[in-house]
Amino acid sequence: MADKANTSINSLISEELVPQLADLFSMMGDTSRLRIILSCLHEPISVSHIADQLELSQSLVSHHLRLLKAARMVRAERRGKQVFYVAADQHVQCVIEDMAAHVSEPHSVEDE
């Protein structure tokens, strides 16, 4: 059964997509960027609110958001003069939530 699941995943991820996938995981590997994504996960939030919430400078948050937007991890919504950011789609939300659930699971001695 595991071989069948592995085969279907491998058929979805071509060799050309592996570097792109690695880049996305690399983006989430930065603590500040991951915290920013978490802030944007469920509802649009402004740059200033993210900066205040995470105790980061607005310029640093803006820099990270530019990278995350280019990687299609977040999308921007303009409301008047302010720009709000939110997770780009359900896939981003699912990846983050699934990985959070995974790291929250207790591991057994057998896993070591």
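Along the sequence, the secondary structure of the predicted model runs in the order α-α-α-β-α-α-β-β-α. The protein thus contains six helices and three strands. Of its 112 residues, 26% are buried. Among contacts with a separation of 6 or more, 51% join residues that are 24 or more positions apart.

The largest nonpolar core comprises 20 residues. Within this core, the residues with the most contacts are I36, I37, C40, I50, V61 and L65. Two or more core residues are supplied by each of α3 (31-39), α4 (47-54), α5 (58-70), β3 (82-87) and α6 (90-104). Helix α4 provides the largest share, four residues. In soluble globular proteins, nonpolar side chains tend to be buried together.

I50 is one of the core residues with the most contacts. Residues up to four places away in sequence being set aside, I50 touches I36, S39, C40, I45, V61 and L65. Of these partners, I36, C40, V61 and L65 are also listed among the core residues with the most contacts. C40 has a relative accessibility of 0% and therefore counts as buried.

S39, another partner of I50, is located in helix α3. The relative accessibility of S39 is 15%, which is under the 20% limit, so this residue is classed as buried. Beyond its neighbours within four places in sequence, S39 is in contact with I45, I50, Q53 and L54. I45 thus appears among the contacts of S39 and also among those of I50. The C-alpha atoms of S39 and H49 are separated by 9.3 Å in space, and the two residues by 10 positions in sequence.

No disulfides are present in the structure. Regarding individual cysteines, C40 is buried at 0% relative accessibility, whereas C94 is partly exposed, with a relative accessible area of 33%. The value for C94 falls between the limits of 20% and 50%, and the residue is therefore assigned to the intermediate class.

The largest pocket has a volume of about 640 Å³. It is lined by 18 residues, of which L21, L24, A71, R72 and M73 are the closest to its centre. Two elements, α2 (18-28) and α6, each give two or more residues to the lining. The largest share, seven residues, comes from α2. Helix α6 also contributes two or more residues to the largest nonpolar core. By class, the pocket lining consists of 13 nonpolar, two polar and three charged residues.

R72, one of the residues closest to the centre of the pocket, is found in the loop between α5 and β2 (74-79). The backbone of R72 has a positive phi of about 65 degrees, although this residue is not a glycine. With a relative accessibility of 68%, which is over the 50% limit, R72 is classed as exposed.

A positive phi is also found at E55, where the angle is about 55 degrees although the residue is not a glycine. E55 is placed in the loop between α4 and α5. Its relative accessible area is 74%, over the limit of 50%, and E55 is therefore exposed. The two helices on either side of this loop, α4 and α5, are both among the elements that give two or more residues to the largest nonpolar core.

Key: Residues numbered from 1 in each chain as written. Predicted model: local features only at pLDDT ≥ 70, side-chain atom pairs only at ≥ 80, totals over all residues. Heavy atoms only, no water. Core = buried A, V, L, I, M, F, W, Y, C linked by side-chain atoms within 4.5 Å. Buried < 20%, exposed > 50% of the residue type's maximum accessible area, 1.4 Å probe, protein only. Contact = heavy atoms within 4.5 Å. 1 Å grid on protein atoms, 1.4 Å probe; cavity = no way out; pocket = protein on both sides within 12 Å on 5 of 7 lines; lining within 4 Å. Points joined across faces, edges and corners; volume = space filled by probe spheres on them. Nonpolar A, V, L, I, M, F, W, Y, C, P; charged D, E, K, R; others polar. Disulfide = S-S within 2.5 Å.
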